[in-house]
Amino acid sequence: MYFESIYDTLEQNQQRIPSDTPVKLITRHSIRFPITDPLRPQDASLTPEGICLAQKFGRCIRVPLGVMRASPVQRCVHTARCILEGYAETHPQALLPEIISDERLYTSYIADAELARQSPRKRTDMELLRGLCDRQPIPGHVSLETAVNRILDAVFARETDNLPAGSRLDIYVTHDFQLVLLAAELLPLSVGANDNPWQHWPRMLEGMLMWGSRSNFHIAWRNTIVRHPLSP
């Protein structure tokens, strides 16, 4: 077991990972306050409950920490910081990783932010997701494939190649929409499946696991575990 989680599938999926394997957790940030200004969604901060939840998660990590990357949005950086605070309580001798702010974990699907803002009609996340999945050209946005490759480039950054082998947890704190993009592009999900994010949107501090290399890795999301590239 690499860590304990409030989500059963995240704990169960760890049993499928070969022993002494570096694992990457791509997770949504912890519980935040409601977004009151749709023009500044990045301003919503963590609630006291969200802070405690992230700290508790950090305390329940059982292996060394490797890389810690986060979207530059406040609630993601704060989640990462709280995880490290909790981890330090149960690993007082451990050398804590630096939190690296990575724009690819926030705006991976944006090509031109100004052009995207000038759209005559604001799309909901679901409308944007459907447009990307249908391969529709959307002003100011990149393709679904490009967006996902940007995220994967952040997750499999070359810095991880220099870390010690063996059991290790690399953490990437991002947003629900980034998790949905990864699931939509990389996993063969049926429309009505419980692990389909269209049916059950990613929750706070819920994430997916990856292990392997950039060109050949496994991905575990809820009830689905596959190797990517997808096996024939």
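Let's start inside a pocket: the lining of the second largest pocket mixes 4 nonpolar, 3 polar and 6 charged residues. Keep in mind as you look around that this is a predicted model.

How many residues line that pocket in total? The count is 13, and those that lie nearest its centre are F156, T160, D161, G212 and S213. The space they help to enclose comes to about 220 Å³. Three elements each give two or more residues to this lining, namely β1 (22-28), β4 (168-174) and β5 (207-213). Of the elements, β5 gives the most, with 3 residues.

Now let's step back to the whole chain. The protein holds 7 helices and 7 strands, and if you trace the sequence from its start they come in the order α-β-α-β-α-β-α-α-α-β-α-β-β-β. The radius of gyration is 17 Å, close to the 17 Å that the globule rule gives for 232 residues, so the protein is as compact as a globular protein of that length. If you prefer to think in box dimensions, the C-alpha trace spans about 55 × 45 × 35 Å along its principal axes.

What about contacts across the sequence? Taking contacts between residues at least 6 apart in sequence, 72% join residues at least 24 apart.

Finally, let's turn to burial and surface. Of the 232 residues, 50% are buried, which here means under 20% relative accessible area. The protein exposes about 11400 Å², and carbon and sulfur atoms supply 50% of that area.

Definitions and conventions
Residues are numbered from 1 along each chain as its sequence is written. This is a predicted model: local features need pLDDT of at least 70, side-chain atom pairs count only at pLDDT 80 or more; totals for chains, interfaces and linings use all residues. Side-chain values use heavy atoms; hydrogens and water are left out. On a 1 Å grid over the protein atoms alone, a cavity is a set of points where a 1.4 Å probe fits but cannot get out, and a pocket is an open set with protein on both sides within 12 Å along at least five of seven lines; lining residues have an atom within 4 Å of a point. Grid points are joined across faces, edges and corners, and a volume is the space filled by probe spheres set on the points. Helices (H or I, at least four residues) and strands (E, at least two) are DSSP runs, numbered from the N terminus. Ala, Val, Leu, Ile, Met, Phe, Trp, Tyr, Cys and Pro count as nonpolar, Asp, Glu, Lys and Arg as charged, and the others, Gly among them, as polar. The radius of gyration is taken over C-alpha atoms; the globule rule is 2.2 Å times the number of residues to the power 0.38. Buried means under 20% relative accessible area, exposed over 50%, partly exposed in between (1.4 Å probe, protein chains only). Contact means heavy atoms within 4.5 Å. Accessible areas come from the Shrake-Rupley method with a 1.4 Å probe; for residues, only the protein chains shown count as cover.
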